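Colleague: Hi! Could you walk me through this model and explain the reasoning behind the words you use?

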Amino acid sequence: MIRRTAIEIAAAVRSGAVGASDVVEEAIAAAERLDPVLHFLDELDAAGARAAAQRVKPDGLLAGVPFLIKSRTPPDAPIIARLLAAGAIPIGWSTRARPGATSLTFGWNGTEYTRNPWDLSRSPGGSTAGGAAAVAAGVVPLATGGDSGGSLRIPASFSGVVGFKGTYGRIPRPGGRPLGGLTTAGVIGADLDDVILATSIASGPHRLDPNALPPWPVPARSSGGRTRRIAYRSTLGACAADPGVDRVVRERLLAAGVEVVDVPLELAPTDEAWQALSDLDNGRGVEESAAKRAREVRDFNNTALADLFAEVDVLVTPTTLTVAHGYDQHEETIVTGDPCWVFNVTGHPAVSVPAGRSQGLPVGLQVVAPHGADEVALAVARLLLVELPLPPVR
């Protein structure tokens, strides 16, 4: 199996070298073959995908590119409309984690766990579990999701693909509320350039989201440069990173030849602040004292990070503290989001890319940049990412 990127697929469709219907049939066949093993689908929409392929105009930036929509995504979500307008074709809806189960996923209409294509006894993370598993296995090059506490980055890390949470508001979403400030819509992809292109297409103001940022053009391709100053933290909270995960990320930084500098960083714990902001973000009532404390934590951490970014270009952490865990460990997995949550509370851009493997499983590293400097995070991520082989199940 040869993995094709979304950019390569669209170029082939635009040139007439391949038809959108042929691409869609290949994706449907892969989904039908692999879903009984990986359980990444809530619903396959083969008829809808075939009809869309017949209608697609071969001039879109994502012409003929098959993708999955995260289950329970609002039908009026701007990201979906904009990907469709660019010619992308949804083949169905992917599984997502249940509330309170950050990295353990049942299908919403079934009882089987979504499986990790690197090891069927392991989780692909969450909450965008099905999308990550399908992308990692090569079924589709892109899958949509949202990131409130690592829901794009955690499964990207566990599954060996790319997950990008832009600056808060980078991609609009229905019902965005200024007081919450947690969730950013986004995509998981096997290729960094695919993720960048899809994010650019989906960006820009929208009437449904008062927090939406201006359109974000695709940044000029850059390796990030070897003069970038990077701060590295193996953990941002009370829980330590697994030594194997820490070693893989440190070795990748060394191999890339970047300048790693030691700059102090003290952050306030985010657990309670995240919960209060999540409630606000979802229109639930919050006691004023809790809301006030959440804003204070957010302000404190924003100040601490501003001081850090005055000294360095980006902050790098492991995306998750462990590699993908087994399903008998799900009660412990809430800590896997520890390096992710803080950047939902603060709204900074953060991207997870593969850094290598430990115990034969993917290790993700997270690159965080100042507010609005999404292109800086992505440029450094390009320098640091490691291209992994396709997983055993594909």
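Colleague: How many positive and negative side chains does the chain have, and how far apart do the centres of the two sets lie?

Modeller: This is a predicted model, and its chain carries 36 positive and 42 negative side chains. The centres of the two sets lie 3 Å apart.

Colleague: Why is Cys340 called buried?

Modeller: Buried means under 20% relative accessible area. Cys340 has 0%, so Cys340 counts as buried.

Colleague: And what makes Cys239 partly exposed?

Modeller: Partly exposed lies between the 20% and 50% limits. Cys239 has a relative accessible area of 31%, so the label is partly exposed.

Colleague: How do you know that Cys239 and Cys340 are not bonded through their sulfurs?

Modeller: Good one to ask! A disulfide is a covalent bond between the sulfur atoms of two cysteines. To be counted, the two sulfur atoms must be within 2.5 Å. The closest cysteine sulfur to that of Cys239 is in Cys340, and because it is 13 Å away, it is too far for a bond. The structure holds 0 disulfides.

Colleague: What makes the radius of gyration agree with a compact globule?

Modeller: With 394 residues, a compact globule would have a radius of gyration near 21 Å; the chain has 19 Å, so the two agree. The C-alpha trace spans about 55 × 45 × 45 Å along its principal axes.

Colleague: What share of the residues is buried?

Modeller: Buried residues make up 61% of the 394 in the chain. As for secondary structure, the chain has 12 helices and 11 strands.

Note on methods
Residues numbered from 1 in each chain as written. Predicted model: local features only at pLDDT ≥ 70, side-chain atom pairs only at ≥ 80, totals over all residues. Heavy atoms only, no water. Helix = DSSP H or I, 4+ residues; strand = E, 2+ residues; numbered from the N terminus. Rg over C-alpha atoms; globule rule 2.2 N^0.38 Å. Buried < 20%, exposed > 50% of the residue type's maximum accessible area, 1.4 Å probe, protein only. Lys, Arg positive; Asp, Glu negative; His and termini not counted. Charge placed at Lys NZ, Arg CZ, Asp CG, Glu CD.
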